[in-house]
Amino acid sequence: MENTLEFPDLLRMIDERSTAFRAAVASAPSLDVQVPTCPEWTLFDLVQHLGQGRRSWAATIAAGPAAPAKSTAEGAPVGPREREALLAWLAASTQELLDALREAGPDRGCWTWWGASQSPQTCGAVARHQLQEVAVHTYDAQITVGAPQPLPDEAALDGVEDFLSTCCATPSAWPHKAAALDFHATEGRSWRLTLNGDGARSTRLTTPGTMPATDVDGGPDAVGASVRGTASELVLFMYDRIPMDSLQIDGDGHLFDLLREWEPEE
């Protein structure tokens with residue numbers, strides 16, 4: 001599946017979104033405020049999560065493709081409590097990740113948790129998903145301080161495709177009636193997620209916005225639904241940051257609930 005962003009663009013936008021994240025944290029009245037989109041976390045917890053996660057992935061990338069699953073994720077240092085020092089620690093965490101990615105390059109193999117998906121187990125795919133991690137958490141930080149901004153268009157368009165191919169695609173059998181879900185970005189790009197006994201597979205539609213999500217493979221029992229919004233809205237919907245009724249839903253919207261509830265076998 002064709003990537004929207006090249007490797008240097010991914011690294012650039014990880015850096016840009018990380019800078020925007022730190023700016024939001026710097027403007028917060030307190031690090032103890034609750035994050036509305038992650039209600040179990042304070043803003044300090046969110047910073048810890050982002051910083052420790054970037055350091056863990058930097059170590060995973062540096063360890064190479066033979067590293068045991070998640071063995072490198074242990075022992076990531078905790079950030080300091082004082083805000084200025086915490087922001088410096090977070091900036092250093094991002095730099096560790098970017099340095100590891102640049103050193104490895106996009107084509108080197110890397111352990112990932114999405115081994116059975118459509119996304120490759122490469123450092124390029126890790127960079128692609130890391131951009132989404134940072135972009136969505138930047139939205140979390142911004143909404144916490146009352147200044148939410150949409151995800152940048154190029155990151156959001158790539159984010160829809162990344163979510164479908166990394167988080168949804170699987171060879172595990174779909175336990176319900178065969179279906180297709182279409183995702184239409186108002187920027188002019190569309191994708192289809194096909195769900196059946198062979199699992200879930202994502203494809204980019206060649207004629208965006210024109211193919212109905214019905215009669216999958218001509219099957220008379222197939223049902224479908226579609227969701228339409230900006231690419232940013234689609235990504236935020238996928239990551240449970242905004243509700244379904246924030247977007248235009250056509251067809252059987254319950255299918256999106258079934259997809260959210262589905263836990264494919266490992």
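Which residue forms a salt bridge with Arg54? Keep that in mind as you read these notes; the reply comes in point 5.

1. A word before we start: this is a predicted model. Please read each point below with that in view.

2. Let's begin with helix H2, which covers residues 43–63. At 1.5 Å a residue, its 21 residues should span 30 Å, and the C-alpha atoms at its two ends are indeed 30 Å apart, so expectation and model agree. Of these 21 residues, 15 are buried, so H2 is largely enclosed by the rest of the structure. Just after the helix comes Gly64, which has a positive phi near 90°.

3. Now look at the two strands S1 and S2. Strand S1 takes in residues 34–35 and strand S2 residues 38–42, and they pair in the antiparallel sense over two bridges. If you want to find one of the pairings on screen, look for Val35, whose bridge partner in S2 is Cys38. Two residues lie between the strands, and together S1 and S2 form a hairpin.

4. Next, the inside of the model. The largest nonpolar core has 41 residues, and Phe21, Ile61 and Leu101 are the ones with the most contacts inside it. Four helices each supply at least two residues of this core: H1 (7–27), H2, H3 (83–104) and H4 (123–144). H3 gives the largest share, nine residues. Try clicking on Ile61: leaving aside residues up to four places away in sequence, its contacts are Leu97, Ala100, Leu101, Ala104, Arg108, Cys110, Cys123 and Val126. There is also a second, separate core of 35 residues, which includes Tyr139, Val160, Ala200 and Leu255.

5. Back to the opening question. The partner of Arg54 is Glu133, and the closest N and O atoms of this salt bridge are 3.6 Å apart. The pair links distant parts of the chain, with Glu133 in helix H4 and Arg54 in helix H2, 79 residues apart. Are the two partners buried or exposed? Glu133 has 26% relative accessibility, so it counts as partly exposed. Arg54 has 3%, and because buried means under 20%, it counts as buried.

6. Another salt bridge worth finding joins Glu161 and Arg204, where the closest N and O atoms are 2.8 Å apart. This pair also links distant parts of the chain: Glu161 sits in helix H5 (residues 153–168) and Arg204 in strand S5 (residues 199–204), 43 residues apart. Glu161 is buried, with a relative accessible area of 0%, whereas Arg204 is partly exposed at 29%.

7. Salt bridges can also join into a network. Asp9, Arg12, Glu16 and Glu154 are connected in this way, through salt bridges that share partners. Within this group, the side chains of Arg12 and Asp9 meet at 3.4 Å, N to O. Why are these two about one helical turn apart? Arg12 and Asp9 are three residues apart in helix H1, which means that about one helical turn separates them. Arg12 counts as partly exposed at 31% relative accessibility, and Asp9 counts as partly exposed at 26%. For the overall tally, the structure holds twelve salt bridges.

Conventions
Residues numbered from 1 in each chain as written. Predicted model: local features only at pLDDT ≥ 70, side-chain atom pairs only at ≥ 80, totals over all residues. Heavy atoms only, no water. Expected span 1.5 Å × (residues − 1). Buried < 20%, exposed > 50% of the residue type's maximum accessible area, 1.4 Å probe, protein only. Pairing = 2+ DSSP bridges. Core = buried A, V, L, I, M, F, W, Y, C linked by side-chain atoms within 4.5 Å. Contact = heavy atoms within 4.5 Å. Salt bridge = Lys/Arg side-chain N within 4 Å of Asp/Glu carboxyl O.
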